Amino acid sequence: MYETNMYEGMLAETITIQGHGGDTINAYYARPLGGGPFPGVVLIHHLPGWDEWYREATRRFAHHGYASISPNLYSREGHGTPEDVAAKVRADGGVPDDQAVGDIEGGMRYLRSLLYINGKIGVFGTCSGGRQAFLTVCQVEGFDAAVECWGGQVVMSKDQLTTRQPVAPIDFTQGLSCPLLGLFGEEDQSPTPEQVSVHEKELEKHNKKYEFHMYPNAGHGFFYYHRPAYRQEQAVDGWSKIFTFFGRYLDGPD
Amino acid sequence: MDRTRGQGARPEEEGNVMCTMIVEKSEIAGCGKGPKGWFPLRQVNVSYDHPFHAPLEHALNIDFVNESEGLGARVAVELSPESARRLVTVILAALARGEAGS
């Protein structure tokens, strides 16, 4: 709990890390000043790109005591404004799932290499990043908690599968390796409440530790204060649930 | 799963279709005016997905691009579905009149 006579400082900068296949990709990194030990969080940006909201969210986690990294999953597409880069990715049907998983794993490995990490790493993603967060913790060991916010296309029909997204993430549920927090909106159409129920049933079937919250009067992206989808009450409650969840599973050393 | 309490509902037009990955592409010829001036167009990408700027949760997005000139060589519009249909209608009408008179 912050009190007004406490010292507070933060370092935030762009860095490079090793992503999928050993590729060098850029990432935004923020951490509290001091020797720690700090838990870590990998943030996975949404389909609109590696944008300002994600750099802010990275700093927000650092503000709450986490060494936080947001890899640029579109790093290989070239550089320009986040919108221009994301428009290219949108036209190409998103980035390949295995590449995204490798980049997110790279973020986790970077955090684990730091001297001031407490040994606990979480992952947080929204939209396509929520889907990729779930996909990653089902395939990669090394995460201690995951937050999936309105991950679209976790449940996919066969005609939605592509060479870039060849397997529906739900089919990897058995491999889920850490507790999962899911936040969803009742008015969302991707994922629909029905798809979230299918997702939840699969987690129950495999006896996984999870916590899902479905918000009324909220749709897709209700955290995004710069979009009409923003829902103040639901967003405040959602952030509170995230920090409670990460506090439970990430605070404290191994 | 719990059903967390929330505040009042919003209008239907703010309903959401996101992460659709719905995109149609075609080669085109012409010119577009981007942030650095006019450039030759090579391709149009039409998606039904996230708009970046339009205050809509789903939009018909049209990107006129030329990747050989960089990712910034892009002329973008984000339209409501109804506006997109109107655009199709007026384009076809103009083409029909122009080609009938040529």
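## A hairpin in chain A

In this predicted model, the hairpin formed by S1(A) and S2(A) has 5 residues between its strands, and Gly21(A) takes a positive phi near 70° there. The two strands, S1 (residues 10-18) and S2(A), run antiparallel and are held in register by 9 bridges. If you want a spot to orient yourself, look at Ile15(A), which stands opposite Ala27(A) in S2(A).

S2(A) also has a partner in S4 of chain A (residues 67-71): the pairing is again antiparallel, with 4 bridges. Here Ala30(A) sits opposite Ser68(A). How much of S2(A), residues 24-32, is buried? Mostly covered is the verdict, with 8 of its 9 residues buried.

## Chain B and its sheet

Moving over to chain B, we find 1 helix and 5 strands, laid out as β-β-β-β-β-α from the N terminus on. Buried residues account for 33% of the 102 residues in this chain. As for how far apart in sequence its contacts reach, take those in chain B between residues at least 6 apart: 38% of them join residues at least 24 apart.

Four of the strands make an open sheet in the order S2-S3-S4-S5 (chain B), with antiparallel pairing. S2 (22-34) and S5 (74-79) of chain B stand at the edges with a single partner strand each, so one side of each has no neighbour in the sheet. On average, neighbouring strands of this sheet are turned by 20° against each other, ignoring direction. Zooming in on one pair, S4 (residues 59-65) of chain B and S5(B) are antiparallel and share 6 bridges. Within that pair, Ile62(B) has Val77(B) as its bridge partner in S5(B).

## Helices against the sheet

Which strands of chain B does helix H2 of chain A touch? H2(A), residues 82-91, packs on the sheet and touches S2, S3 (37-49), S4 and S5 of chain B. Its direction makes about 75° with that of S5(B).

Chain B brings a helix of its own. H1(B), residues 81-101, lies across S3, S4 and S5 of chain B, and this helix runs at about 115° to S5(B).

## Cavities

Searching the whole structure turns up 3 cavities of 30 Å³ or more. The largest holds about 130 Å³ of space. It is lined by 15 residues, and the closest to its centre are Ser128(A), Arg131(A), Gln132(A), Gln165(A) and Met21(B). H4 of chain A (residues 128-139) gives the most to that lining, with 3 residues. By class, the lining of the largest cavity splits into 5 nonpolar, 8 polar and 2 charged residues.

The second largest cavity has a volume of about 90 Å³. Among the residues lining it are Asp84(A), Ala87(A) and Lys88(A), along with Asn45(B), Asp63(B), Glu67(B) and Arg74(B). H2 of chain A and S4 of chain B are the elements that give two or more residues to this lining, and H2(A) gives the most, with 3. That is the helix that packs on the chain B sheet. By class, the lining of the second largest cavity has 4 nonpolar, 3 polar and 5 charged residues.

Methods. Residues are numbered from 1 along each chain as its sequence is written. Chains are lettered from A and ligands numbered from 1 in the order in which they are written. This is a predicted model: local features need pLDDT of at least 70, side-chain atom pairs count only at pLDDT 80 or more; totals for chains, interfaces and linings use all residues. Side-chain values use heavy atoms; hydrogens and water are left out. Two strands pair if DSSP finds at least two bridges between them. Axes are lines fitted to C-alpha atoms, for helices over the stretch in contact, and angles run from 0 to 180 degrees between N-to-C directions. Contact means heavy atoms within 4.5 Å. On a 1 Å grid over the protein atoms alone, a cavity is a set of points where a 1.4 Å probe fits but cannot get out, and a pocket is an open set with protein on both sides within 12 Å along at least five of seven lines; lining residues have an atom within 4 Å of a point. Grid points are joined across faces, edges and corners, and a volume is the space filled by probe spheres set on the points. Ala, Val, Leu, Ile, Met, Phe, Trp, Tyr, Cys and Pro count as nonpolar, Asp, Glu, Lys and Arg as charged, and the others, Gly among them, as polar. Buried means under 20% relative accessible area, exposed over 50%, partly exposed in between (1.4 Å probe, protein chains only).
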